[in-house]
Amino acid sequence: MQNFNWQRTDLIDESEEVVVHQTREQKEKLEQSNGVQIEDRNAGRVKITDVLVDGKGEKQIGKKEGQYITLSVPTLTLEDQDGFAQLEQELLLNFKKMHESLSWQEDDKILIVGLGNRTITPDAIGPYLIDHLHSLDVIDEKFVMYAPGVTGQTGYETGEFVAAIAERLQPKLIIVVDALATRASNRLCKTIQLTNTGIHPGSGVGNQRQEISYEMLGIPVTAIGVPTVVDAPVLIADAVETMLRSIAARVSERSKPSSKLSLSSWQPDINKELDMSLVQPIFGEWATWTKEERQQLFEETFAGSHTQLMVTPKEADYWIDRYAKLVASMLMNWADDL
C-alpha cells in the first residue's frame, strides 16, 4: 500500500496526539508523560485551544517546541460581521500576548512575508495580505512587506529569499502568513492558527520546502495560518461518518415520543454517544468499526490518484480576501501600540 497521510493537517489541535486527549485527566497525563500542555477556553463565540510543546513533547508528537494557539468560530459565515470582529479581536489579544516579551526600539523593523501562489485562490492569502497592507492609507514605518511567490514560479526556495532579506534587513521579528490544510471539512475558512515555531512553506499540500524559523534565521518567526483546503478522502470519510451516526440516532429514537411529537422535520442529535450496532443489519459489520478502523479502510481504498485531490469552498476567493483584510487590520492595530 502506498504510504500516504490522507489525514494531512497543519493544525496542531487536529493532530492525533491532541485529539485523543479530551478530558482533563487525559490532558494532564499527556502533559506529564509527553511534554504537551493543552488549554481549551472560550471567548464569546471564539473557541481557543492553546498548546505548549516542550523539548520532550517535540520528540513525542513530532511538532516543534513552542506555542500554538488555534482560534475558531464554528458557525462563521461570510456575512457574519460579528463573528469576524470577535475573531480579529481574539487574534489581536493573543498576538500581543505572544510577543509581550519583545522589547522594541524606535528603529526596529518587522518583516511581513505573505507566502503562497496568488494565481491559485486557496493559496493566495499571503500575497493578498501584502496587497491589502500596501493599499492602506497609513502604513507603519516599522513594516517591510514581501510576497516571494512559490518555488514553482521563481525556481528558488522561498526560504532562501526570506533568509537573504532577513540577513540584509535584520528585523526584530518576522511574521509569515500562509494557507494551511485541515483534516476537518467543517473548519475550512473558520479557523486561524498562530504559532511562534515558524513554518514549512507548502507543507499543507504535501510539498514541504525549506523551513522559515528562528532555528534557520536566528530571528523570531511568528506564523499565522488559515486552513483553506482539505483532502478529498476526508470529505468522503466525514460524509460516511455523519450518515452512519444519523441513521443510528434515528433508529435509537424512533420509539421515543420526542420523535413523534415534533411539529417540524425531526433531526436527531448525532453528536451524543450512540450504539452503532443498530445499523449493523443495514450496512454490515464495518458500520460497527471504530472511526480509526474506517479511516484505515479509506486510506487503503484511496491510495491511488484520488489522494492528490484537494477541496476548497466554492466561495474561496471571498474567504481569502476577507481573511487577508482581517489579518492586515490586526497587524495595524498591533503596530499602533508598539
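Here a trainee and a mentor chat about the cores and salt bridges of a predicted model.

Mentor: Residues are numbered from 1 along each chain as its sequence is written, and side-chain values use heavy atoms, with hydrogens and water left out. In this predicted model, local features need pLDDT of at least 70 and side-chain atom pairs count only at pLDDT 80 or more, while totals for chains, interfaces and linings use all residues.

Trainee: Which helix gives the most to the largest nonpolar core?

Mentor: A nonpolar core is a set of buried Ala, Val, Leu, Ile, Met, Phe, Trp, Tyr and Cys residues joined through side-chain atoms within 4.5 Å; buried means under 20% relative accessible area, exposed over 50%, and partly exposed in between (1.4 Å probe, protein chains only). The largest one has 42 residues, and Ile112, Ile175, Tyr323 and Trp334 touch the most other members. Helices (H or I, at least four residues) and strands (E, at least two) are DSSP runs, numbered from the N terminus. With 12 residues spanning part of 316-336, the top giver to this core is helix α13.

Trainee: What does Ile175 touch, leaving out residues up to four places away in sequence?

Mentor: Contact here means heavy atoms within 4.5 Å. On that basis, the partners of Ile175 are Phe95, Ile110, Leu111, Ile112, Val113, Thr222, Ile224, Leu331 and Trp334.

Trainee: How many salt bridges turn up in the whole structure?

Mentor: A salt bridge is a side-chain nitrogen of Lys or Arg within 4 Å of a carboxyl oxygen of Asp or Glu. Arg45, Asp80 and Asp82 are even linked in a network of them. Searching the whole structure gives a total of 8.

Trainee: How many residues apart are Asp337 and Lys96?

Mentor: These two form a salt bridge, with the closest N and O atoms 2.7 Å apart. Asp337 sits in the segment after α13 and Lys96 in helix α4 (residues 81-98), so the pair links distant parts of the chain, with a separation of 241 residues.

Trainee: Is Asp337 buried or exposed?

Mentor: Its bridge partner, Lys96, is partly exposed, with a relative accessible area of 31%. Asp337 has 53% relative accessibility, so Asp337 counts as exposed.

Trainee: And is Asp50 buried or exposed?

Mentor: Asp50 forms a salt bridge with Arg41, the closest N and O atoms being 4.0 Å apart. Arg41 is partly exposed at 26% relative accessible area. Asp50 has a relative accessible area of 11%, so Asp50 is buried.
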